[in-house]
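This short report follows one loop residue, one metal site and one strand. The sequence and structure come next.

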Amino acid sequence: MTDATQQTPAAQTPAGQATAAASGAAATERFRGKQHTEAPVAGTARVGLLASEAIAAVHDVIRRHKVTYAEYDALKSWLIQVGQDGEWPLFLDVWIEHVVEEVANENREGTSGTIEGPYYVPGAPVLPAEATLPMRVGEAGTPLLFQGQVTAVGGAPLPGARVEIWHADADGLYSQFAPGLPEWNLRGTVIADGQGHFKIHTLEPAPYRIPTDGSCGMLIAAAGWHAWRPAHLHLKVSVPGHQLITTQLYFESGSHLDDDIASAVKPELILAPAPADSGEGNEVTYDFALDKA
Ligand code: MBD
Ligand code: FE
């Protein structure tokens with residue numbers, strides 16, 4: 001087993017200064033960096049169709065609910081603020097992405113996907129089939145052994161599959177989006193063995209509250225909603241010749257499985273860990289079946 005633990009004591013990296021503006025700005029920068037293509041993704045006919053129907057849907061809400069000028073101006077200043085806070089990635093991934101994912105994956109036969117969210121970073125350290133995710137000395141949380149096998153639909157093992165995993169720490173913070181965390185804290189790219197098996201040692205994540213001090217938090221408070229997501233692991237599983245799956249896994253004993261602010265829970269994505277054979281923490285097995293490319 002490879003131990004990728006980084007020698008940064010948890011106590012030296014207090015989490016207090018994480019702000020919506022800082023994580024929003026980082027998520028906006030990250031997303032800009034990922035858009036390489038200059039080529040239009042849709043022609044004028046399709047852009048015109050989608051834009052006019054989206055605008056017409058807004059007109060419909062205004063007419064049905066007799067939206068006032070005061071409400072229109074409040075919306076306008078809020079929209080301006082979302083951009084200033086860098087919170088468009090957060091807003092879109094929390095309230096819109098789940099339907100894009102539903103449409104994108106409706107014909108898949110293999111393992112279910114769900115939304116990526118705003119905090120994926122490509123290029124996490126490559127680790128062998130049994131590995132511990134990079135974490136601080138004394139990182140808080142119950143040890144979790146997350147293990148399984150990557151196969152094709154139908155069960156043929158997929159040797160050398162890449163299992164990218166990322167999750168928040170016990171304070172709900174993601175490395176590279178909150179200050180003070182080691183660069184790759186709780187992120188890794190695990191390469192499955194010759195039979196597609198992997199064993200990842202990490203910690204059980206805690207329920208996650210999206211930042212409440214920015215414009216998304218302002219909307220949540222103004223609408224009387226809550227800001228919680230159930231505790232989750234994020235994953236991308238891939239191998240050449242098969243379709244990459246982006247998913248998340250949740251925990252049976254956790255809260256907010258039924259009212260995830262991001263609407264990204266599916267029953268088949270809920271894990272039920274049991275006490276680990278090693279006597280340390282919990283373990284759970286989850287297998288991935290990938291569709292052909
Ligand atoms: C997250 O951690 C997340 O997974 C989503 C979907 C939105 C905001 C924060
Ligand atoms: Fe997340």
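## A loop alanine, an iron site and a strand

Ala-206 is partly exposed, with a relative accessible area of 22%. The model is predicted. The buried class ends under 20%, so Ala-206, at 22%, falls outside it. Ala-206 sits in the loop that links β7 (197-203) to β8 (208-209). Leaving aside residues up to four places away in sequence, Ala-206 touches Ala-170 and Ala-231. Its C-alpha atom is separated by 9.6 Å from that of Arg-229, and their positions lie 23 residues apart along the chain as a sequence offset.

**Iron site.** Which protein atoms bind the iron ion (ligand 2) as donors? They are Tyr-174 (OH), His-232 (NE2) and His-234 (NE2), lying 2.0 to 2.1 Å from the ion. Their spacing in sequence reads Y-x57-H-x1-H. His-232 and His-234 are both buried.

**Strand β5.** Is this strand, residues 162-166, largely enclosed or open? Four of its five residues are buried, so β5 is largely enclosed by the rest of the structure. Two partner strands pair with β5, as listed here.

| Partner of β5 | Residues | Bridges | Direction | Bridge example |
|---|---|---|---|---|
| β6 | 187-191 | five | antiparallel | Trp-166 opposite Arg-187 |
| β10 | 233-238 | five | antiparallel | Glu-164 with Lys-236 |

Strand β10 spans residues 233-238, and one of the iron donors, His-234, falls in that range.

Note on methods: Residues numbered from 1 in each chain as written. Chains lettered and ligands numbered in written order. Predicted model: local features only at pLDDT ≥ 70, side-chain atom pairs only at ≥ 80, totals over all residues. Heavy atoms only, no water. Buried < 20%, exposed > 50% of the residue type's maximum accessible area, 1.4 Å probe, protein only. Pairing = 2+ DSSP bridges. Donors = N, O, S within 2.8 Å, 3.2 Å for Na, K, Ca; no water. Contact = heavy atoms within 4.5 Å.
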